[in-house]
Amino acid sequence: MVPLTSLREPLEALQSWQRRLLLIAFLLIVATRWYALAPTMWDWDEAQFASGVREFNAGGHHPHPPGFPLYMAAAKMVRPFVANDFRAAQTIIFLCACALFPLAFSLARELRFSFTTSFLAALLFVFFPNVWFYGGTAFSDIAGTATAIAAAWLLFRGCRDPRAYLAGAVMLGIAAGIRSQALLFGFVPLAVASWFQVRASWRRVVAAAVLLAAIVGGSYIGAALASDSIEGYQKSLEGVREWVRTIDSFLAPHREPLETIADDYLLHPMPGGRLPLIVSALAIIGLIGAMFRRNLGAWLAFGTFMPFAIFAWLMLDLNSVYRYSTSYVFLWALLAAYGAELLATPLRRWQWAAQVAIIVLLAGRAAYWTIPALRDVRNSESPTYAAMQWVRSRVPPGGAVWVHGSLAPFAEYDLRDRNVHLARDLHALPRTAVPWNAFFVSEGVLTEAEVTFRRERTRLFEIARRRYFETSVVRVASVWTFDEGWYGTETDGATTWQWMGRRARVFLPAIPGAAILRMTLNAPGGYESDAEIVFNGQTVARVRCTGEPFEGEWRVTSRTDAPNELVILSSDVVNLKAKGIAEDPRDLGLLLSAYSWQAVSH
């Protein structure tokens, strides 16, 4: 067994060819981090971070509590030199993403892994799809990861170097000032380093504790003071805690059982097709090998990264697992590289070549799998950003816009000079108070949409949080209020549709003068039905519907003082379950797959 006291021994100096190899790899990796830079913000947290750069107020969720104070402070320092607030936050993440490779390598070396294993572990880590992707965003995770790894490296180095020990305590404070959970990464390194340092000088250990507490405490006290009010900051913190307890954590009543989601957090904490299974298999081999070989470094790495992995499994949102896992997947990369070293041991003098081949192939496969997703991001504006800019170009400053609550941070940032109203649902708008020609912006695909912005649900859908891949803008006059007779909206993510029974009713907004009513209807496949279209009590059409879509268009006169009533009658219904065709027990009359209601242009 390698004794703990080995951490006090200096590392063997790198040879010149090793330093050159590290420099070349670092420069190439920096270029790949540049390729990952997204042109626009996309997700909820990014909008809150951009708002925090512009005007910090964690009590008002700019950004959300506890405020990520040191991340926001760094972004504010960068802001005068970049184009906008999003770019300021993204620049910090980009710099941290570039630093991951040398930091991960340095930590692995400090844990007494070989040069080859340390190099390959860092290489594999930075090309995991989620690590590469999130290095081009404005989320705080990569900054928290880089500073946590830096803190662990300095603290383990601090077992023999007093200055590195104090620097590690400072860096751990910085990491926790970015994300408070970073303290989970520092517990084992700080405890081990302090065990050595307390024998030489207990004052040094006290100084390290004071530095750590001062940075963390000062960061969050500063965040509270920089917010609109300390009371508001505290109230927002309580709200976040309640949200985590009732929605995200294992205490939430509707969260999936821990044993069901354990594999998402612990067996394949990165996307990439079959890549996670291979990496996890190698990591398990590495962990078992570390047990038999009594590899101290592997177990110290396990103690450094696993606490946060368990915390994420217990407490954090399953929909964002690949973002949170960027903080701890270096453990998988390190153990996988060590596992490859063990597998290649029988090859003796060709051991290093076999180990290099295994890990480089995995890193290459990860990069090849990820590039199409990054290309999608590079070549398009995000749906949320595009929708907000579309509205800005059509609604003058001071004009009213209605926005679904899920887009509130984007509206607060991009539509700050517009009169924004939040609404929980498109069909719950107060129609008497909303102008007929006003816009409503919502996440998702809406059939009534005047325009829908999309990102394809391909590989990117497997990496990013599965939200905001579509954003729709609807003119309020086009909104259909589905009343009796409908079975509810169904969707496959790209399109939506509604089934009705024998009779169904819709209310359409009042608009000035003539209007065009359009619908696409069809009967269940293999069946026919006659449809009668009744508008405000008058039959406007009778049509025969089959399994093929029928596209109808009618010009009618709208009411101006009350909603219009549209009734659709089906001459027949089909129960697929009763006929033994499918398990659907509903009586299906007609399928409405597309519809619109628009004023006639003059």
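These legends describe close-up views of a predicted model.

**View A. Helix H8 and its packing partners.** Helix H8 covers residues 162-178. Its 17 residues should span 24 Å at 1.5 Å a residue, and the end C-alpha atoms lie 25 Å apart, so the helix agrees with expectation. Ten positions matter for the packing shown here: Ala164, Tyr165, Gly168, Ala169, Leu172, Gly173, Ala175, Ala176, Gly177 and Ile178 are buried. An α-helix has 3.6 residues a turn, so residues three or four places apart point the same way. The buried residues of H8 pack against four helices: H3 (69-78), H7 (141-157), H9 (183-200) and H10 (202-226).

**View B. Ser219 in helix H10.** Ser219 sits in helix H10. Ser219 is buried, with 7% relative accessible area. Leaving aside neighbours within four places in sequence, Ser219 contacts Pro69, Leu70 and Gly177. Gly177 is also among the buried residues of H8. Helix H10 is one of the helices that the buried residues of H8 pack against.

**View C. Cysteines without a disulfide.** The model has 0 disulfides. A disulfide would need two cysteine sulfur atoms within 2.5 Å. For Cys98, the closest cysteine sulfur is in Cys96, 9.2 Å away, which is too far for a bond. Cys98 is buried, at 7% relative accessible area. Cys159 is buried too, at 1%.

**View D. A nonpolar surface patch.** Leu267, Ile284, Ile288, Met291, Phe292 and Trp299 make a nonpolar patch of about 630 Å² on the surface. Helix H13 (residues 275-293) supplies the largest share, 4 residues. Trp299 belongs to helix H14 (residues 296-315). With 33% relative accessibility, Trp299 counts as partly exposed.

**View E. The salt bridge between Glu110 and Arg160.** The model holds 25 salt bridges in total. In this one, the side chains of Glu110 and Arg160 meet at 2.4 Å, N to O. The pair links distant parts of the chain, 50 residues apart. Glu110 lies in helix H4 (residues 85-110), and Arg160 lies in the loop between H7 and H8. Glu110 counts as buried, at 1% relative accessibility.

**View F. The salt bridge between Glu490 and Arg586.** The side chains of Glu490 and Arg586 form a salt bridge of 3.2 Å, N to O. Glu490 is in strand E7 (residues 486-491), whereas Arg586 is in the loop between strand E15 (574-575) and strand E16 (587-588). The two residues are 96 apart in sequence, so the pair ties together separate parts of the chain. Glu490 is partly exposed, with a relative accessible area of 24%.

**View G. The salt bridge between Glu532 and Arg542, and a network.** Glu532 forms a salt bridge with Arg542, with the closest N and O atoms 3.4 Å apart. Glu532 is in strand E11 (residues 529-535), and Arg542 is in strand E12 (residues 538-545). The partners are 10 residues apart. Arg542 counts as exposed, at 64% relative accessibility. Elsewhere, salt bridges with shared partners join Asp483, Glu484, Arg503, Arg505 and Glu565 into one network.

Terms used: Residues are numbered from 1 along each chain as its sequence is written. This is a predicted model: local features need pLDDT of at least 70, side-chain atom pairs count only at pLDDT 80 or more; totals for chains, interfaces and linings use all residues. Side-chain values use heavy atoms; hydrogens and water are left out. Buried means under 20% relative accessible area, exposed over 50%, partly exposed in between (1.4 Å probe, protein chains only). Patches are made of residues with over 30% relative accessible area and no salt bridge: like charges are joined within 9 Å, nonpolar side chains (Val, Leu, Ile, Met, Phe, Trp, Tyr) within 5 Å. Accessible areas come from the Shrake-Rupley method with a 1.4 Å probe; for residues, only the protein chains shown count as cover. A salt bridge is a side-chain nitrogen of Lys or Arg within 4 Å of a carboxyl oxygen of Asp or Glu. The expected span of a helix is 1.5 Å times one less than its number of residues. Contact means heavy atoms within 4.5 Å.
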